[in-house]
Amino acid sequence: MIDPHLWWYVTRASAIIAWALMTASVLWGILLSTRVLRRIDSPAWLQDLHRYLGGAALVMVGLHMVSLMLDQWLKFSAVEVLVPFATDFKPLPVALGILAFYLLVAVQGSSLLMQRLPRRFWKILHYASYLTVLLVSFHAGFTGTDVGTWWYRAVAITLIGLTTVAVIVRMVTGTRSGRSRTPVVRSGATDVSVGEPAHVQEKRSMVVASVTTVADGVLGIRLEMHEWERLPLWQPGAHLTLHLPNGLQRQYSLCGDPAERNHYDIAVLHTRESAGGSAWIHKNLLPGMTVEVSGPQNHFALEPASEYLFVAGGIGITPIKAMIESLPAHRVWRLVYAGRSRSTMAFADELVARYPGRVRIHAGDESDAALNLAAIVTHGLPEAEVYACGPESLMTAVAALVPARHLHLERFVALLRVAPAAQPVLVTCRKSRQDVLVPAGQSILTALEERGLPVLGSCRTGVCGTCELRVLAGTPQHLDSVMDDAEKDRLRIIYPCVSRASTSTLVLDV
Ligand code: FES
């Protein structure tokens, strides 16, 4: 036999669970926005959790309202549950609860429609979460048959106390996350990409949401999806490949906030020796246009460490900026950012203002002295992991000063690697069940393409990492500049646009 008090239990339990979930969601959101919870990698899953907590709270509120109508003692009507002041039972606290319900619907709805709403409007609506929890606290504190019991007081004090502490944390630390984040990006090289998910290879159409000048010769570009869709996760150091209408493919580092799932930010330097990539973008790309994009892909991932030294040259600041953005406030790091002149150094002033004492700018037009990298590396943070991105001269200088075990580089251009005379190699493509004999004068990538095999290429100089394939057997002879050879061997990968094999056969996963 069903307990006649069933719906009474349900209404009480659902109310308390909803209150706890709402508090947890707000708490989580505050911790995210203040970066207290932020680790070095993407906090996107934490954002998802924040959203799911809010959604679960709404479900519990719905259950609470339905159970109020089903309980045979309370006997609320639908009107009393949905319309403020329609009931004689504690009309003000009940009305506050109803108002909280509508606000919660609006907040959750705005989360779902985040990409379609103006950012400012979405933020204002989202801040209503605080008001919602406040209203719920009043509602819960003055209604319900449990009010006055010791355990209910304990729950109420805990939830209200947690919310209060979180709001104080938000107010104290909130200024940082509230500052504007300018669109930002790259090209270049180090870590894990084996097993990249399918989205890395897939092309998607994205809309150019904005194009802004972020420095002399540098455009900040924001890309959004056509339809409402959350973009794939990415980690600092990742880059996108833009498939331009003129047939060229170009890689640009993501430089926004990895937590932002509704757009990608890149920055593009108009290179003097442009073969048509950056020149086309600077001349033709306008807001509202559509571009084909693949990725994100990451060969320059930020690994966990207690201390970091970042070295950026020119547009090499873009992946470094994303790394800095992702670090928790307490992480020890310094940035050395060098450029021809301050006006050409994207985000220089912004970084100095946001991270006082941590950023050292070396602008060629402001100082006659050469950048003393040796002093910085030796006396700065001797145990730090060093991440560097920029022109080859800077990369060479950093590589000469930092032990390889602490060094992570991303290059713009291929290293000049001395290769022994190329030999023919027989490539067995395991998935396609084809054998391809690659002559000495042809790249493995080209040979596979000519056989119609599903491979991708972009830079064809061993820099971008697009052509990466898994090695199943044989020994690659690495001639690329994407990452350390030892790391490639550990991961069992090859970049066949330039690399070959030191064995006469190679078995690839293609
Ligand atoms: S590394 Fe760019 S195509 Fe091979």
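**From a nonpolar patch to a five-stranded sheet**

In this predicted model, Leu 70 counts as partly exposed, at 43% relative accessibility, because the range between the buried limit of 20% and the exposed limit of 50% is what that term covers. Leu 70 is found in helix α2, and together with Leu 6, Trp 7, Leu 63, Val 66 and Met 69 it forms a nonpolar patch on the surface, whose residues have about 460 Å² of accessible area together. The elements that give two or more residues to this patch are α1, which spans 6-33, and α2, which spans 44-70; of the contributions to the patch, that of α2 is the most, with four residues.

The annotation can be read alongside this part of the chain. An unreviewed UniProt entry lists residues 6-31, 52-74, 94-113, 125-144 and 150-172 under "transmembrane region". In the model, the chain over residues 52-74 is 83% helix and 0% strand, with its end C-alpha atoms 30 Å apart. For residues 125-144, the span is 90% helix and 0% strand, and the end C-alpha atoms lie 29 Å apart.

Further along the sequence, the salt bridges offer a second way into the structure, which holds 14 of them. One of these joins the side chains of Arg 354 and Glu 325, with an N to O distance of 3.2 Å. Arg 354 lies in helix α9 (residues 348-354) and Glu 325 in helix α8 (residues 317-326), so this pair ties together parts that are 29 residues apart in sequence. Both Arg 354 and Glu 325 are buried.

A salt bridge also forms where the side chains of Arg 460 and Glu 449 meet, at 2.6 Å from N to O. Because Arg 460 lies in the loop between α12 (444-450) and β14, while Glu 449 lies in helix α12, the pair ties together parts that are 11 residues apart in sequence. Arg 460 is partly exposed, with a relative accessible area of 38%, and Glu 449 is likewise partly exposed, with a relative accessible area of 29%.

A further salt bridge, between the side chains of Arg 470 and Asp 509, has an N to O distance of 4.0 Å. Here Arg 470 lies in strand β14 and Asp 509 in the segment after β18, so the parts tied together are 39 residues apart in sequence. Arg 470 is partly exposed, its relative accessible area being 34%, and Asp 509 also counts as partly exposed, at 23% relative accessibility. Elsewhere, salt bridges that share partners join Lys 321, Glu 325, Glu 350 and Arg 354 into one network, which includes the buried pair Arg 354 and Glu 325 described above.

The strand that carries Arg 470, β14, leads into the sheet. This is an open sheet of five strands with mixed pairing, in the order β13-β12-β18-β14-β16. Its edge strands are β13 (434-438) and β16 (493-494), each of which pairs on one side only. Within the sheet, β14 (residues 469-473) and β18 (residues 505-508) run antiparallel and are joined by two bridges, and Val 471 stands opposite Leu 508 in β18. The link between β14 and β18 through these bridges is thus accompanied by the side-chain contact of Arg 470 in β14 with Asp 509 in the segment after β18.

Methods. Residues numbered from 1 in each chain as written. Predicted model: local features only at pLDDT ≥ 70, side-chain atom pairs only at ≥ 80, totals over all residues. Heavy atoms only, no water. Pairing = 2+ DSSP bridges. Buried < 20%, exposed > 50% of the residue type's maximum accessible area, 1.4 Å probe, protein only. Patch = residues over 30% accessible without salt bridge, like charges linked within 9 Å, V, L, I, M, F, W, Y side chains within 5 Å. Areas by Shrake-Rupley, 256 points an atom, 1.4 Å probe, with all protein chains shown as cover. UniProt positions renumbered as here; feature names shortened; annotations may be inferred.
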